[in-house]
Structure formats: C-alpha cells, structure tokens
Amino acid sequence: MSDKPDLSSMLGDVDMPAFARNAPAAMRRAIGVDASLIDRYNFDIGGPLFPDGSKPAVDCGDLPFDASDFATNRATIRRAVAQIMAVGAVPIVMGGDDSVPIPMLDALGDTGETYTLLQIDAHIDWRNEHMGERFGLSSNMRRASEMGHIGQIIQVGARGTGSARPEDVRDALDWGAQIVTAEDVHRDSTGPVLEMIPEGANIVICFDVDGLDPAVVPGVLARASGGLTYGQGLQLLRGAAARGRICAVDFAEFVPEADVDNIGALAVARLVAVMMGLAARQ
Ligand SMILES: [Mn+2]
C-alpha cells in the first residue's frame, strides 16, 4: 500500500482539490425546507426556530473563493468572521473544507477572550501538514492548539483509521486535548462531553459533518461507520449552548456530490437551523 491515500478513488468523479465548494449551495437549498416552515413548532429545539422578540438569522451570502490562492481565501474568511463578531452576531460558517475553521478560529483572537473549542469530527486533525499543506485537511486542531486564545479543545467522534498517526494522537493528548471517541458517546451518551465544557465558557464549535455517521450524512470525503447519530449531534449543540455562550460555529466537509438523495444535506441543514435558533436564544 502506498503512503498516500488515493483520494480520487474515494471520491469517484468528485474533482479535487476544492471538493466541498458546492456545499454552500446544497446546504442553502436544503435549509429552504425549514425556512418555508419558519413559524412551525420545531421539536429539535422545543419551539419555533426564532421565538418572538429574538434576533433573526441573516444570510451573508457566499464568500469569494479562488482555487489557487489559499492565503487570500483565508484572509477573506477571517475578515468576514471578524466583521460578523464585531457587530455582536454569531457567525455560522456553512460549507467548505477543513481549511475553513482555521481562519475562523484565528478571527476569534481579535476579541481578547479565551475559548473552549468543541470539535465534532471522525478525525482529530492534529497533523502538522497533509500533502505539504499546513492550513488544510487534517491540520486544523493542531493549528488551533497554537492559538493563545484557544484554551481548551474537546474532540468528539473519532473512530477507525484516518490521517492521524500515533505521534499526532500523543501530541494532542500531551497538549491537553480531551478526545472522546464515537464509541465513548455510544456507550456513555453525550453527558460526559458536555460536562467537560466549563459553565459560562465562550464556545466555538467546529462541526466536521463526517463526525456524524455516513447513514446520516453520506456526503463526505471518506465515509466511516460507527459515527454519531443525528440525535447525538443535536444534543451536543443544544447541550453546549446550555453550558456557555456559543460564539462561532462552522459546518465543514460536506460534499454534495457524494450525498445520497439529499439525506445528508437535509440532516446538516436541520442542525444548522437549530444552531441559528440557539444563537437567537442567547
Ligand atoms: Mn473529518
């Protein structure tokens, strides 16, 4: 077996490298279902998504993207997140790949606050680099650990074999990352994860949608059985909001071309909608 996985064979006819670039459009289409029923009772959150008197969500549109200029893409994401936070809103970043969370997390540094990072992912993402890239696939939690304003990293959903090598796991644990495998969650539910979040914490959530089981979200780069259920994902979002203040969230790594009959798009869109409702209630 070669050292490098053949990503193109996993992806079928999904072309690299910007494999998640069509996610924003697919997620926006899927969330239209919730938008059309906005005044209905949403059982995922226990009321209408936006109760009377709460602040609505605003679609800021797609950010410009250049498939050959990653530094400019990062600067664009960072600036947009900083601008949204500066007006007291909660940025919910939808779509894109693992390169999206890093500039989002970087932007949090402008506030002078310290954050608890809750990562939901099949992978721990502690590689120093992957295929020569330090700011993309599989590296975002290591980059987060290098940011002074990230005080705690809780990682949920790891399973099977991914990009992590034994030394990456060791580095994560040495840093103090709290790794809760998907199997841990299936055995003990989400309570122990939520108890790791200090009361009143500033929380940032990095939701890689491959943290959920591929039966829930088939539209991912590498499907890994044994992932979190939809309900567990929901509990993590609601439970985090009950522990502290959710300051920023991203939903990354959705690959619409690998989805099956929009099942994944609908599941992710529902979680995004709940996240909007939770932000509106803060
Ligand atoms: Mn992942």
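This briefing describes a pair of packed helices and a sheet. The structure is a predicted model. In it, helix 9 packs with helix 10, and six strands form an open sheet.

**Helix 9 and helix 10**

- Two packed helices are described by the angle between their axes and the distance between the axes.
- Helix 9 covers residues 230-243 and helix 10 covers residues 263-281; the two pack at an angle of about 15°, and their axes lie 10 Å apart.
- Because of that angle, helix 9 is roughly parallel to helix 10, as angles under 35 degrees count as roughly parallel.
- The crossing in which helix 9 passes helix 10 is right-handed.

**Residues in the helix contact**

- Helix 9 contributes Tyr230, Gly233, Leu234, Leu237, Arg238 and Ala241 to the contact.
- Helix 10 meets these residues with Ala267, Arg270, Leu271, Val274, Met275 and Leu278.
- Of the residues in this contact, nine are nonpolar, one is polar and two are charged.

**The sheet**

- Strands of a sheet pair through backbone hydrogen bonds, either parallel or antiparallel.
- In this open sheet the six strands follow the order 1-6-5-2-3-4, and their pairing is parallel.
- Strand 1 (92-94) and strand 4 (178-181) are the edge strands, each pairing on one side only.
- From one strand to the next, the twist averages 10°.

**Strand 3 and strand 4**

- Strand 3 (residues 150-158) runs parallel to strand 4, and four bridges join the two.
- Within this part of the sheet, alanine 158 stands opposite threonine 181 in strand 4.

Key. Residues numbered from 1 in each chain as written. Predicted model: local features only at pLDDT ≥ 70, side-chain atom pairs only at ≥ 80, totals over all residues. Heavy atoms only, no water. Axes fitted to C-alpha atoms, helices over the stretch in contact; angles between N-to-C directions. Parallel < 35°, antiparallel > 145°, perpendicular 65-115°, else oblique. Left-handed = near helix turned anticlockwise from the far one by under 90°. Contact = heavy atoms within 4.5 Å. Nonpolar A, V, L, I, M, F, W, Y, C, P; charged D, E, K, R; others polar. Pairing = 2+ DSSP bridges.
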